[in-house]
Amino acid sequence: MGNEDALFYSRILTELTLSFHIIYATIGVGVPLMIMIAQWVGIKKKDEHYILLARRWTRGFVITVAVGVVTGTAIGLQLTLLWPNFMELAGNVIALPLFMETFAFFFEAIFLGIYLYTWDRFRNQRKHLLLLVPVALGAAFSAVFITMVNAFMNAPQGFELVNGELVNVNPIVAMFNPAMPTKVAHVVSSAFMTSAFILASIAAFRLLRGSNHLYHKKALYLTMKVGLIFSIATALIGDFSGKYLAEYQPEKLAAAEWHFETTEKAPLILFGVLQEGEPRYGISIPYALSILAYNNPYAEVTGLDQFPEDEIPPLYIHYLFNIMVAIGMWLTILSFIFWLGIKRDWKFVTGSWFKRLIVLGGPLSIIAIETGWWLAEVGRQPWVLRGLMRTAEAATSSDQVDLMLLLFACLYIVLAIGSVVVLRRMFRKNPVEKELSDRNNNKEEERT
Amino acid sequence: MNIDIEIVGITVLWTFLFGYLIIGSIDYGAGFFNAYNLLTDKEHVLTKIIQRYLSPVWEVTNVFLVFFFVGIIGFFPKTAFYYGTVLLVPVSIALLLLAIRGSYYAFETYGARGHKGYSFMYGLSGLLLPASLSIVLTISEGGFVHLDRGKPVLNYFILFISPLTWSIFLLSITAVLYISAVFLTWYAHKAKDTLATNVMRKYALIWSLPSIITASSIIYQLKFHNDEHFNRLMHLWWMFALSLLFFVGTVLLLWAKRNYGFAFISLIAQYALAFYGYGISHYPYLLYPFLTLYDSFTNEAMAISLIIAFILGLGLLIPSLYLLLRLFLFNKGYVKGNSDYY
């Protein structure tokens, strides 16, 4: 196997691992917050349903965390195994947040272990809820630290290269690079958003399939409300990301928008196809790109004409960008209508076709996460470290990457099937109605 | 006195690796004993005590490993280039085992109970995992890697036929079983589970001798494989002698059915002395003969910030770990079986 092959398979394997891991990682970051909200509401309102909601989500969460942990370990090691040259450089400059991520995760793991086994150990439920705070914090900070590393790949700083030697390294400056604020905020907020819509999707699914229990209705309303809040937040942060790109990575923005020539009053093109290098059949929104990039409809936006051919990312990222944005918009509108509909007592939001749309929201939000990450990673090409190291220079020289790709593909299939089967069985065997009556019986026994 | 910052870095990492060695061994060995008992149909004797210990801590075990490999790239970035390139296959296999084991443990414990075949796989993967990870130590002794146009290449054939490889392989397995058995004897004793205590004590005694024989055989193998390392090792003979004394101490306590807590502490002392003795004599090489602590070390700014982060992190972790241990491992109610997981 030549180096070309090693590079090709390394890219595929990294992409596969990341795409698989990110589903579980996103749930891992977002769901603790959802559990916290449910348990808090339950304690406040003294409502058994919300407490049970927190319990059941926690049980499902543990399964996804397990897969998240093992695939996270896989990607952590694969970075070194597949991209040794990159990690050698990265280790010198951006190892600090990587290192801190292990602490954040350690913290999370310890308290998750405690939280799981102490549901009834405290007389005061608030104390038990308090144990969840480090879990949620640890999860969120894991995402923050890891995203800092990814941000560094987009906007490397905090060191100088003199004759190929790294000098004047400043790990703090490297961590707080220009890409960091928007990227971190976007990742964390979209994780909360996605988790809310996945849980909403499950609640809507249960309501469609026979159970008309109040429990599911409460779950649906809560998750859709949280989903709405974070989808608005995500959209706002997305707008800032556009401004960051215009300033620091104009080639990524231009490629994602199919903006070929540097112009003022740049329009935003949605979807469409490329014919002879010209975008056709797309929806063109006048001034929108200039507004996205600089908050000014007359601003000049740098086009792809300003960059050498071999430094332009693949143009298909345009579709990734469009899909991500379209799903985000759609879910914002959907949750807004639902929220308003419940307030105003509109009948159709509780109808079955609307619930079907909510059910669809779960998978859609996962697709948005995937396309978002593909956009982030493919949009940085040909660089692994923008402006400094090309992806081709970073790859391993090992000959067995193709075999490893095969092995890991099998592993992910096994894990995916395993986690889905276990989750389904777990909740099938123990439906809400049964658990509620079990718990009531137990309480009465305690009283007598 | 002036201590090199390189030494501080490697000491921190080596300590975490030692932590992983101990708690990982307990975990892996527990899986094996559990499977063995299920297959030989003494199911109820061990399963409860093992589940009880593993449930709250399995994730924590994994973090020790992650901490080590992230730390080594942070402190010694050049290791990424050498080890990253040559370890693709062995570490990928370890990852595969780790992933199956970790996730299926959670599936089984929190999800739905599986069947015996699953427990068998779980037990077996626990033995193969340390064996596949220990290949890293074998490779670090040198002689298996050569440079081809500036790129490190691992020679699988030489690695496969080397007696050193197989000695380390055997040591990893026997040590896992021995460490785990000694700990679980103590743990079962604390839970006042006499049946389980007796079974585990028997296992501990069975695996004590093989573990010490395989350990000694590595020293012997090293003489032929890496003379320089062997000689440095001999300069530290007193550490290994003390280690042997602690070994005898553990076995005697187990034999006399006395003070299992001390037996376990003595076991920690035995392995700590041997592990640090091995580590110190490895100095200054990270990979014979290509890579030393000094030429692979990161810049000073990164090293200092990593150490500061480490100290702050410990400030957060030690109280949390203490809480975990107090609530579970050393909580009488929990150890005896009053669980409240739903």
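A salt bridge is taken here as a side-chain nitrogen of Lys or Arg within 4 Å of a carboxyl oxygen of Asp or Glu. B:Asp148 and B:Arg149 satisfy this criterion, with their closest N and O atoms 3.6 Å apart. The model is predicted, and the values below are computed from it.

**Salt bridges**

Side chains of opposite charge can pair when their charged atoms come close. Over all chains, the structure holds 10 salt bridges. The table gives three of the pairs, with the N to O distance of each.

| Acidic residue | Basic residue | Closest N to O distance |
|---|---|---|
| A:Asp239 | A:Lys243 | 3.1 Å |
| A:Glu251 | A:Arg386 | 2.7 Å |
| B:Asp148 | B:Arg149 | 3.6 Å |

The A:Glu251 and A:Arg386 pair joins two elements of chain A. A:Glu251 belongs to helix H9 (residues 250-257) and A:Arg386 to the loop between strand E9 (383-385) and strand E10 (389-390), so the salt bridge ties together parts that are 135 residues apart in sequence. A:Glu251 is buried, at a relative accessible area of 4%, whereas A:Arg386 is partly exposed at 25%.

The A:Asp239 and A:Lys243 pair lies within one element. Both residues are in helix H8 (residues 214-248) of chain A, and because they are 4 residues apart, about one helical turn separates them. A:Asp239 is partly exposed, with 27% relative accessibility. Its partner A:Lys243 has a relative accessible area of 16% and is therefore buried, the cut-off being under 20%.

In chain B, B:Asp148 is partly exposed, with a relative accessible area of 35%, while B:Arg149 is exposed at 79%. A network of salt bridges also links A:Arg56, A:Arg59 and A:Glu435.

**Surface patches of chain A**

Positive charge gathers in a surface patch made of A:Arg206, A:Arg209, A:Arg424 and A:Arg428. Within this patch, A:Arg424 is located in helix H14 (residues 401-428) of chain A. A:Arg424 is partly exposed, at a relative accessible area of 48%.

A patch of negative charge is formed by A:Glu4, A:Asp5, A:Asp399 and A:Asp402. Of these residues, A:Asp399 sits in the loop between helix H13 (391-394) and H14 of chain A. A:Asp399 counts as partly exposed, with 43% relative accessibility.

A nonpolar patch on the surface comprises A:Phe271, A:Val273, A:Tyr281, A:Tyr316 and A:Tyr319, which together have about 520 Å² of accessible area. A:Tyr316 lies in the loop between strand E8 (300-301) and helix H11 (317-344) of chain A, and is partly exposed with a relative accessible area of 46%. A:Tyr281 is placed in the loop between strand E6 (278-280) and strand E7 (283-285) of chain A. A:Tyr281 is exposed, at 68%.

**Backbone geometry**

Most residues other than glycine have a negative phi, and most peptide bonds are trans. A:Tyr281, a member of the nonpolar patch, has a positive phi of about 60° although it is not a glycine. A:Asp345 likewise is not a glycine and has a positive phi, of about 65°. A:Asp345 is in the loop between H11 and H12 of chain A, where it counts as exposed at 57% relative accessibility.

Cis peptide bonds occur in both chains. In chain A, the bond from A:Gln381 to A:Pro382 is cis, with omega near 5°. A:Pro382 is found in the loop between helix H12 (352-378) and E9 of chain A. In chain B, the bond from B:Tyr288 to B:Pro289 is cis, with omega near -15°. The loop between strand E3 (285-287) and strand E4 (291-292) of chain B contains B:Pro289.

**Buried parts of chain B**

Helix H3 (residues 78-86) of chain B is largely enclosed by the rest of the structure, because 8 of its 9 residues are buried. Its buried residues include the aromatic side chains of B:Phe81, B:Tyr82 and B:Tyr83, and also B:Gly84 and B:Val86.

B:Ser162 occupies the loop between helix H6 (156-161) and helix H7 (163-190) of chain B. B:Ser162 is buried, with a relative accessible area of 7%. Leaving aside residues up to four places away in sequence, B:Ser162 touches B:Phe144 and B:His225.

Definitions and conventions
Residues are numbered from 1 along each chain as its sequence is written. Chains are lettered from A and ligands numbered from 1 in the order in which they are written. This is a predicted model: local features need pLDDT of at least 70, side-chain atom pairs count only at pLDDT 80 or more; totals for chains, interfaces and linings use all residues. Side-chain values use heavy atoms; hydrogens and water are left out. Buried means under 20% relative accessible area, exposed over 50%, partly exposed in between (1.4 Å probe, protein chains only). Contact means heavy atoms within 4.5 Å. Patches are made of residues with over 30% relative accessible area and no salt bridge: like charges are joined within 9 Å, nonpolar side chains (Val, Leu, Ile, Met, Phe, Trp, Tyr) within 5 Å. Accessible areas come from the Shrake-Rupley method with a 1.4 Å probe; for residues, only the protein chains shown count as cover. Lys and Arg count as positive and Asp and Glu as negative; His and the chain ends are not counted. The place of a charge is taken as NZ of Lys, CZ of Arg, CG of Asp or CD of Glu.
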